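Student: Please take a close look at one part of this model, the charged contacts between side chains. Then place that part in the rest of the chain.

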Amino acid sequence: WRVVCARSIREAIRLCRRASGRVALALVDALTAEAHGPDWLDGLRGESEDLKVVLMSAGAPPDQPARCGFVAKPFSPDVLCEAVRRALKGNARAAGR
């Protein structure tokens, strides 16, 4: 996979728009201040309704927006890779620790 990092939801939205639908998945910290409410997800998916999203959090799974996966922190690289694979295949179940 090719990974592009963003320091904020706003930056991620800009990167997704610039990529014109070539971003397949976004990994988002569920506790980031910008990730509250549905607007951030609409912004990320604005250019691609097919964009997959995996939320990560050290706590219990948050109220997840539709079609979002979840991975619990701390996680191993293998657990993260499995969460990404499931999300890309359209099976966004929660991943364990």
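Tutor: R86 is classed as buried because its relative accessible area is 10%, where buried means under 20%, exposed over 50%, and partly exposed in between (1.4 Å probe, protein chains only). The model is a predicted one, in which local features need pLDDT of at least 70 and side-chain atom pairs count only at pLDDT 80 or more, while totals for chains, interfaces and linings use all residues. Numbering runs from 1 along each chain as its sequence is written, and side-chain values use heavy atoms, without hydrogens or water.

Buried as it is, R86 carries a charged contact: its side chain meets that of E82 in a salt bridge, at 3.7 Å from N to O (a side-chain nitrogen of Lys or Arg within 4 Å of a carboxyl oxygen of Asp or Glu). R86 and E82 are separated by about one helical turn, because they sit 4 residues apart in helix α3 (helices, H or I of at least four residues, and strands, E of at least two, are DSSP runs numbered from the N terminus). E82 has a second partner, R85, with the closest N and O atoms 3.9 Å apart. E82 and R85 are also both in α3, 3 residues from each other, again about one turn of the helix. Through the shared partner, E82, R85 and R86 are joined into one network.

The three members of that network do not have one exposure class. E82 has a relative accessible area of 35%, so it is partly exposed. R85 has 40% and therefore is partly exposed as well, whereas R86, at 10%, is the buried residue described at the start.

The salt-bridge count for the model comes to 3. One of them is formed by K73 and D29, with 2.8 Å between the closest N and O atoms. This pair ties together distant parts of the chain, since K73 is in the loop between β3 and α3 and D29 is in strand β1, 44 residues away. On exposure, K73 is partly exposed because its relative accessible area is 26%. D29 falls in the partly exposed class too, because its value is 25%.

K73 has another feature at its backbone. The peptide bond joining K73 to P74 is cis, with omega at about -10 degrees. P74, like K73, belongs to the loop between β3 and α3. As background, most peptide bonds are trans.

A second link between remote parts of the sequence involves F70, which lies in strand β3. F70 and L27 are 43 residues apart along the chain, yet their C-alpha atoms are separated by 9.1 Å. F70 counts as buried because its relative accessibility is 3%.

Now the nonpolar interior. The largest nonpolar core has 16 residues, with V28, W40, L44, L51, V53 and L55 making the most contacts inside it (a core is a set of buried Ala, Val, Leu, Ile, Met, Phe, Trp, Tyr and Cys residues joined through side-chain atoms within 4.5 Å). Two or more of its residues come from each of α1, β1, α2 (39–44), β2 (52–57) and β3 (68–72). The largest share, 4 residues, is supplied by α1. Apart from this core there is a second, separate one of 6 residues, and V71, V79, A83 and A87 are among them. In general, nonpolar side chains in soluble globular proteins tend to be buried together. Over the whole protein, buried residues make up 33% of the 97 residues.

To place these parts in the fold, the protein has 3 helices and 4 strands. Read from the N terminus, they run α-β-α-β-β-α-β.

Last, confidence. The mean pLDDT of the protein (the predictor's confidence in each residue, from 0 to 100) is 81, and 79% of the residues reach 70 or more. Confidence is highest in α3, at a mean of 93, and lowest in strand β4 (residues 94–95), at 52. The E82–R85 and E82–R86 contacts thus fall in the element with the highest confidence.
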